[in-house]
Every structure is written in C-alpha cells, then in structure tokens.
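This briefing introduces a single protein chain to a reader who is beginning to study structure. Please keep the sequence and the model in view while reading.

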Amino acid sequence: MNHLIIIANPKKESFSASIASQIKNSAESYGNNVEVRDLYKIGFNPVLSEEDMISYAKSEYPKDVATEHEFIKWADVISFVFPIWWQSPPAMLKGYFDRIFSNGFAFKDKPDGSSEPLLNGKKCILFSTLGAGIDVYEKFGLKNAIKLLFADGTMGFCGITPLDYKFFGSIHKKTENEVALIMQEVDATIKQHCA
Ligand SMILES: Cc1cc2nc3c(=O)[nH]c(=O)nc-3n(C[C@H](O)[C@H](O)[C@H](O)COP(=O)(O)O)c2cc1C
C-alpha cells in the first residue's frame, strides 16, 4: 500500500512532527511504501490565485500543484497530521486543500449543478493535536464539528474515505508516559487500517 503523510506544522519540534514520525515508522514496519510531504518544509504556497483558477479551468496546473497531484494519485491512503488552530487546520493545510483538491482533479462540477468525486477508492486518516482538553471540545460539539467539516466534508466531497480521526487534547500537559501512550495509539491506528 502506498502511504502519503502530509504534515502541516511550522515547528520542527512539535507533537505533530513526533506523530508524523511515528506514523512513518509504523507504516514502514507494516510494509507500506511511505512518502512524506511537510508543507512548511517544502515551502508550499497555500494561496489560490486568480492565475491558478484561470489555468485550472483549462486543466493546466502550475508545477508545484502538478507535483502534489502526483503524490495524491500515487497514494492509497493519506495521513494528515496538523494542530488545531482556531477550531480548524492551519491556513497552510486549508490552502493546500484550496490549491490541490481542485475542480477537475479531486472533484468535477456537473452541468446540473451537482458534483462528482474523482478520488474514489482512496482512504485517509486524520491526526490532530489540541491545546484544549478533548472533554471541552466534546462538551461544545467542536470535535464532531471539526470531524464533520474536514473528514466527512472535505475528504468525503472528493471521494476519499476517512478511516479514522484521532484527536490528542491537552497536548502541552502530557507526561512522558502519556506521550508514549499517544505513540502506541498512533501505531495501533496504523496497524488497524494499514497493516
Ligand atoms: C494560532 C493558534 C491557534 C490555536 N487555536 C487553538 C484552538 O482553537 N483550539 C485548541 O485546542 N488549541 C489551539 N491552539 C493550540 C494548538 O492546538 C497547540 O499548540 C498544538 O496542538 C500543539 O501541538 P504541536 O506541538 O503539534 O504544534 C492554537 C495555537 C495557535 C498557535
């Protein structure tokens, strides 16, 4: 299985980076072919421009977009790793969706106004770190809202099946033992879906 890991966190030493590294190790140990796209590290431009939109309409893609399209085409499963910022992915990842999951590549508008997903058969797993406690996010319905928007919404719209969405809350307060438990949970998730 081809496993693409997309990480969106500007900090080199972050919980997201540790989680991405665990996903890579686990996926490789279960026989996956792994590629990592670290969006800040590669200097991904997340701003969809008018120029982009004009060229997308002609099915022409700038080189950086075409490169990411190839990674998506290659992948059977995509793991997204990112912190929650303002109850959302960082703008970097939102911009990745804007520019890469484009009309004509990830979905297609139909003449009747509906749309057709084009990435059917692909699967994804989402991993997010949060400063707040999960209990707070559950109490206010925010956890389900985020899952609905980005897993069922964005991924589902493109035909990508979300296999799981793991939230790791109160992340700054974790003891060494609790961090080790998170890594075990990440490993178990990859084993369950990708082994
Ligand atoms: C711009 C910004 C916005 C944030 N918004 C939220 C938020 O809405 N909810 C929350 O629980 N934590 C929020 N946080 C805290 C981050 O989620 C937290 O620092 C991060 O998950 C830590 O994991 P990392 O080491 O992988 O970055 C925010 C942090 C930043 C920098």
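Which residue in β3 stands opposite Ile 7? The residue opposite Ile 7 is Val 81 in β3. The model discussed here is predicted. Its five-stranded open sheet, with parallel pairing, is described first, and the helices, the ligand and several loop residues follow.

**The sheet as a whole**

- The order of the five strands in the open sheet is β2-β1-β3-β6-β7, and their pairing is parallel.
- The edges of the sheet are formed by β2 (33-38) and β7 (161-168), each of which pairs on one side only.
- From one strand to the next, the twist averages 15°.
- As general background, the strands of a sheet pair through backbone hydrogen bonds, in either a parallel or an antiparallel manner.

**Strand pairs, from β2 to β7**

- Six bridges connect β1 and β2, which pair in the parallel sense.
- Within this pair, Ile 6 has Arg 37 of β2 as its bridge partner.
- Between β1 and β3, which run parallel, there are five bridges.
- Ile 6 also has a bridge partner in β3, namely Phe 80.
- The parallel strands β3 and β6 are joined by seven bridges, and Pro 83 stands opposite Thr 129 of β6.
- Strand β6 (residues 123-129) is joined to β7 by seven bridges, and the two strands run parallel.
- In this pair, Cys 124 stands opposite Pro 162 of β7.

**Burial of β1 and β3**

- Strand β1 is mostly covered, with five of its six residues buried.
- Strand β3 is mostly covered as well, and seven of its seven residues are buried.
- How are the buried residues of β3 divided between its two faces? Val 77, Ser 79, Val 81 and Pro 83 lie on one side, while Ile 78, Phe 80 and Phe 82 lie on the other.

**Helices**

- Helix α1 (residues 15-29) combines with β1 and β2 in a right-handed β-α-β unit.
- Helix α7 (residues 176-194) lies across β1 (2-7), β3 (77-83), β6 and β7, and runs at about 175° to β7.
- Helix α2 (residues 50-57) is hardly covered, since the count of buried residues among its eight residues is zero.

**The surroundings of the ligand**

- The ligand is surrounded by 15 residues, of which the closest are Ser 14, Pro 83, Thr 129, Gly 131 and Ala 132.
- This shell consists of eight nonpolar, six polar and one charged residues.
- Two of the closest residues, Pro 83 and Thr 129, also stand opposite each other in the pairing of β3 with β6.

**Residues with a positive phi**

- In general, most residues other than glycine have a negative phi.
- Ser 59, which follows α2, has a positive phi near 60°.
- Trp 86 is not a glycine, yet its phi is positive, at about 50°.
- The position of Trp 86 is in the loop between β3 and α4.
- Why is Trp 86 classed as exposed? Trp 86 has 7 other C-beta atoms within 10 Å, and a residue counts as exposed if that number is 12 or fewer.
- Ser 170, another residue that is not glycine, has a positive phi near 45°.
- The loop between β7 and α7 contains Ser 170.
- Ser 170 counts as partly exposed because it has 15 C-beta neighbours inside 10 Å.

**Asn 103 and its contacts**

- Where is Asn 103 found? Asn 103 belongs to the loop between α4 (91-100) and β4 (107-109).
- Asn 103 is partly exposed because 14 other C-beta atoms lie within 10 Å.
- Leaving aside residues up to four places away in sequence, Asn 103 touches Tyr 56, Lys 108 and Asp 109.
- Asn 103 and Leu 118 are 15 residues apart along the chain, and their C-alpha atoms are separated by 9.2 Å.

Notes: Residues numbered from 1 in each chain as written. Predicted model: local features only at pLDDT ≥ 70, side-chain atom pairs only at ≥ 80, totals over all residues. Near = placed C-beta within 6 Å. Nonpolar A, V, L, I, M, F, W, Y, C, P; charged D, E, K, R; others polar. Pairing = 2+ DSSP bridges. Helix = DSSP H or I, 4+ residues; strand = E, 2+ residues; numbered from the N terminus. Axes fitted to C-alpha atoms, helices over the stretch in contact; angles between N-to-C directions. Contact = placed C-beta atoms within 7 Å. Buried ≥ 20, exposed ≤ 12 C-beta atoms within 10 Å, placed from the backbone. Right-handed = clockwise from strand over helix to strand, strands pointing away.
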